Structure formats: C-alpha cells, structure tokens
Amino acid sequence: AEAVEVMGVGGGLLGLVSAIELAVALVVLALGAGGAFHAFALILAVALGGWACGAYFTRRKAWTRTRLDMTDDLVERILGHRTRLAQEAPDRWHEGEEQQLEQYFARSVAVDRAATALALLPRGWLLVGMVTLVPAFTSGQTSTAALAVGLGGTLAAWRAFEKLAQSAAQLVSAA
C-alpha cells in the first residue's frame with residue numbers, strides 16, 4: 001500500500017510540475033524565433049502525449065487483467081488437481097492454456113509498444129522543436145536573442161515531456 005501511495009503521489013506531483021513547465025514553455029516558444037508555429041507544434045505534441053498516456057493506461061490495464069485471470073485459473077487448477085486427475089481425460093488437462101499464453105503475449109507486446117511511444121515522446125519533441133527553428137535560423141533575419149529563447153523553450157518542453165513520461169508510468173503503475 002505504501003508503494004502504491006508513493007507512486008500515486010510522486011507521479012501526481014511530477015505530472016503537475018510537468019503541466020506547469022509545459023505551460024511556461026508554450027509561452028516562451030510563442031515569444032521565441034518560431035513564434036506561433038512553434039507553440040502550435042508544442043500543443044500538437046502535448047495532445048500526442050495525452051493520447052500516448054491514455055493508450056499506455058488502457059493497454060496496461062488489459063495486460064494486468066489478463067495476468068490476474070491467468071493466475072486465478074492456475075490457482076483453480078492447482079486446487080482441483082486431484083479431482084481433475086480422477087474425472088478429466090488426460091488429453092484435456094491443458095486445454096486453453098496455449099490460448100491464454102498467446103493472449104498474454106499479445107497484450108505484453110501492446111503494452112511494450114505503448115511504453116515505447118511514451119518513452120520516445122521527449123526525443124520526438126526535441127527533434128520537432130529543433131526542426132521548427134530551422135527556418136528562423138536559416139533566414140538570417142532572426143535575432144540571436146529570439147533564437148536563444150526558442151531554443152530555451154524547446155529544451156524546457158523537452159524536460160517537461162521527460163517528467164510527463166515518468167509521471168504517466170508511475171500513475172499507471174499505481175492505478
């Protein structure tokens with residue numbers, strides 16, 4: 001119970017800090033060299049991050065349910081082992097086990113893919129944020145200060161996305 005509490009509170013606070021940092025980064029990006037386009041890219045990245053968090057939660061919940069169902073089934077089979085030996089034909093002793101394992105494997109792969117998408121979110125933003133600054137950098141019309149503000153906003157959002165991914169992992173584990 002203590003571990004769940006620590007993950008829930010820690011993940012919640014980390015998520016709150018991440019949300020505040022993303023809001024600040026949004027303002028900074030709007031004032032930087034990329035302007036409104038850079039800020040819009042961050043809004044899209046935040047929406048993608050929300051989708052990734054939701055997908056991770058949904059898939060992790062289904063994976064956990066499958067794992068618990070398999071455990072319940074195993075316990076029932078162990079408790080009824082003597083009865084099964086006496087009443088059930090030997091060729092039916094392992095019926096359904098392979099399907100359970102296939103379902104568990106498929107759900108494990110889905111959870112891993114969602115976790116990978118969540119973990120790649122900060123790096124993806126960093127790439128998008130830098131690419132968004134390229135036109136301002138190559139034009140030669142943008143001041144060094146505006147470029148520095150855009151770069152600083154991109155890096156601030158990158159750190160916020162890292163915290164968001166950690167927060168999501170902790171909150172989903174607590175849930």
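Okay, let's start with the helix packing: where H2 and H4 cross, the crossing is left-handed. Before I go on, keep in mind that this is a predicted model.

So, how do those two helices run relative to each other? H2 covers residues 35-79, and its axis comes within 9 Å of the H4 axis, with a crossing angle of roughly 165°. Anything over 145 degrees goes down as roughly antiparallel, and H2 and H4 are therefore roughly antiparallel to each other. As for what sits in that contact, the residues of H2 with H4 split into 23 nonpolar, eight polar and seven charged.

Now swap the partner and keep H2. The H2 and H5 axes come within 10 Å, and the angle there is roughly 15°. That makes this pair of helices, H2 and H5, roughly parallel. And the handedness? For H2 and H5 the crossing is right-handed, while for H2 and H4 it's left-handed.

Right, aromatics next. How many aromatic pairs does the count come to? Two. The one I want to show you is Trp-125 with Phe-161: ring centres 6.1 Å apart, planes at 50°. Why call it tilted? Under 30 degrees would be stacked and over 60 would be edge-to-face, so with its planes at 50° the Trp-125 and Phe-161 pair is tilted. This pair also links distant parts of the chain, since Trp-125 belongs to helix H4, residues 97-139, and Phe-161 belongs to helix H5, residues 144-174, with their positions 36 residues apart. Buried or exposed, these two? Trp-125 and Phe-161 are both buried.

While we're on rings, have a look at Trp-63 as well. The charged end of Arg-67 sits over the Trp-63 ring, 5.1 Å from the ring centre.

Okay, a few single residues, if you want to click along. Back in helix H2, find Phe-57. Its relative accessible area is 36%, so Phe-57 is partly exposed. Take Phe-37 as a reference point: Phe-57 is 20 residues from Phe-37 in sequence, and their C-alpha atoms are 30 Å apart in space.

Over in helix H4, I picked two. Met-130 is in that helix, and at 31% relative accessibility it counts as partly exposed. From Met-130 to Glu-162 you go 32 residues along the sequence, and C-alpha to C-alpha that's 16 Å in space. The other one in H4 is Val-134, which is partly exposed too, with a relative accessible area of 42%. How far is Val-134 from Ala-174? They're 40 residues apart along the chain, and the C-alpha atoms are separated by 41 Å.

Last stop, the loop between H4 and H5, where you'll find Gln-141. Where does Gln-141 fall on accessibility? With a relative accessible area of 72%, Gln-141 is exposed. And if you draw a line from Gln-141 to Leu-79, 62 residues apart along the chain, the C-alpha atoms are separated by 77 Å.

To wrap up, let me leave you with three things to look at on screen. H2 is roughly antiparallel to H4 and roughly parallel to H5. The Trp-125 and Phe-161 pair is tilted, with both residues buried. And Arg-67 has its charged end over the ring of Trp-63. That's it from me, happy to rotate the view if anyone wants another look.

Definitions and conventions:
Residues numbered from 1 in each chain as written. Predicted model: local features only at pLDDT ≥ 70, side-chain atom pairs only at ≥ 80, totals over all residues. Heavy atoms only, no water. Phe/Tyr/Trp six-rings, centres within 6.5 Å; stacked < 30°, edge-to-face > 60°. Helix = DSSP H or I, 4+ residues; strand = E, 2+ residues; numbered from the N terminus. Buried < 20%, exposed > 50% of the residue type's maximum accessible area, 1.4 Å probe, protein only. Lys NZ or Arg CZ within 6 Å of the ring centre and 35° of its normal. Axes fitted to C-alpha atoms, helices over the stretch in contact; angles between N-to-C directions. Parallel < 35°, antiparallel > 145°, perpendicular 65-115°, else oblique. Left-handed = near helix turned anticlockwise from the far one by under 90°. Nonpolar A, V, L, I, M, F, W, Y, C, P; charged D, E, K, R; others polar.
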